[in-house]
Amino acid sequence: MLAEIKGLNEECGVFAIWGHEKAAEVAYYGLHALQHRGQEGAGIVSSDGEQLNVHKGIGLINEVFNQSEFSRLQGTAAVGHVRYATQGGASYENVQPLVFHSQKGSMALAHNGNLVNAHALKHQLEAQGSILQTTSDTEVLAHLIKRSGHLDMDEAISQALSMIKGAYAFAILTEDQLYVAQDPRGLRPLSIGMLGGAYVVSSETCAFDVIGASYIREVQPGELLIINEKGMTSKQFTSPMQRTLCSMEYVYFSRPDSDLNGLNVHASRKKMGKELAKEAPVEADVVTGVPDSSISAAIGFSEATGIPYELGLIKNRYVGRTFIQPSQELREQGVKMKLSAVRGIVEGKRVVMVDDSIVRGTTSKRIVKLLKEAGAKEVHVRIASPPIENPCYYGIDTSTKGELIAANYSVEEIRELIEADSLAYLTTEGLKHSIVEKDSMEHGICNACFTGNYPTEIYPDTILPADKV
């Protein structure tokens, strides 16, 4: 999995459907489209109107499910999740959707994001007698809903949502209703569409294309959608704030065929490449991108400079989990299992290697070495995002400054460490120009990992000890 190479790991993917006779099967295909957002666990919960049925497990979606599972996942509504562990471990108990039962009914929760006040809320809940069954911050919402005291589920969810802080896109399924919620700043992507007469909800619009659904709109910041047999209603559980959609969704996480806030991801990445070419031109013979998320930016860089774009790096798409434990020597060269340099393209050439980001630097060094071993005369590294100098507390696994190379070294020092002939990053202004357009995104983006300006309060117990002064 390339995420292991690149140093960034995806957040999570949420998918839900209401009003389809094969809801669980549709959810399965929707989750397939979102597999890139989480590869550690997957699950689907369906509702037949009387009870919730669940199947989940550790691994990829096609490892967790087989045809026989769907005979137990009956019903016309379903919610699904693919997981990458940011809060809580990768154990079975933390695989979502999380299901909770009570005398008044059951509910299943699927969540993308991270709650910055989860620790404080857990202490409060435990002091009041709650017994938490998982280490996931998602469970906090279920306890808050049940402890709200409201008999009306809509009000109970609204009150609970108003108490949590951070980044979240929730899908909550009960026996007879589907609830969908977006945090007040819209940090995580979430869209709604239609498949015939069925409502579908997805972290990314690419899932709509896979299942043949039509896109309707994005779920708005601070919005709670209630979907049932009467249709869909919308309410604001809190006043929406200025939107700060995660910029890394454009840079790396989302699939290039997804649209975020009116902008196609591939098109925005091409603009990043073009902006990068303006800011950091270089004399070279070929441009290549690190598969897959950097290809679009590399094409943009090529178009802006006139330097030919070539497939100088090839991804091996059949590398997955293996029971064979490699030796240390093979582990150090593990990038070769997943990427290959095309000698016939790069040999004797001055190569511009475009990548989306540098997190820890070890992978960049290996790829530069790979190109030079294939005969590249020079390797100029161009990064289609600013230096990642600050931890993310909203669902990306960059939790301490100590693990971020840009927080500890200058650009020139990083260039020396990765053994590139030159290194340049896109500026924050260049990134903004690539994403924010008057007619598409009038609100804003979260650049906290680049600038340190967090859009929400960061609670002291959210910051890991390595970053505390």
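In this predicted model, G430 counts as buried, at 1% relative accessibility. The value falls below the 20% relative accessible area under which a residue is classed as buried, and G430 is therefore assigned to that class. G430 belongs to helix α16, which spans residues 428-435. Apart from neighbours within four places in sequence, G430 is in contact with E275 and E279. A further relation to this part of the chain is given by L276: its C-alpha atom is separated by 7.2 Å from that of G430, although the two residues are 154 residues apart along the chain.

Burial extends over a whole element in the case of strand β6 (residues 105-115), where 11 of the 11 residues are buried, so the strand is largely enclosed by the rest of the structure. Strand β6 has pairing partners in β5 and in β7. With β5 (residues 98-102), the pairing is antiparallel and comprises 5 bridges. A hairpin of 2 residues connects β5 to β6, and F100 stands opposite M107 of β6 in this pair. The pairing of β6 with β7 is likewise antiparallel, with 9 bridges joining the two strands. Here N114 is placed opposite A167 of β7. In a regular strand, side chains alternate between the two faces of the sheet.

The loop that follows β7 (166-174) and precedes β8 (178-182) contains Q177. Q177 is buried, with a relative accessible area of 15%; this assignment follows because the cut-off for burial is 20%. The side chain of Q177 takes part in polar contacts with two other side chains, that of Y179 at 2.5 Å and that of N228 at 2.6 Å. When residues up to four places away in sequence are left out, Q177 touches W18, D154, I172, I226, I227 and N228. N228 thus appears both in this set and as a polar partner of the Q177 side chain.

Internal empty space was examined next. Rolling a probe the size of a water molecule over the atoms shows where empty space is left. The structure holds 3 cavities of 30 Å³ or more, and the largest cavity contains about 70 Å³ of space. The lining of the largest cavity is formed by L187, R188, C246, P391, C392, Y394, I396, C446, A448, C449 and Y454. By class, this lining has 10 nonpolar residues, 1 charged residue and no polar residues. The charged residue is R188, because Arg counts as charged.

How values were computed:
Residues numbered from 1 in each chain as written. Predicted model: local features only at pLDDT ≥ 70, side-chain atom pairs only at ≥ 80, totals over all residues. Heavy atoms only, no water. Helix = DSSP H or I, 4+ residues; strand = E, 2+ residues; numbered from the N terminus. Buried < 20%, exposed > 50% of the residue type's maximum accessible area, 1.4 Å probe, protein only. Polar contact = N/O pair within 3.5 Å; in protein donor to acceptor, adjacent residues only side chain to side chain. Contact = heavy atoms within 4.5 Å. 1 Å grid on protein atoms, 1.4 Å probe; cavity = no way out; pocket = protein on both sides within 12 Å on 5 of 7 lines; lining within 4 Å. Points joined across faces, edges and corners; volume = space filled by probe spheres on them. Pairing = 2+ DSSP bridges.
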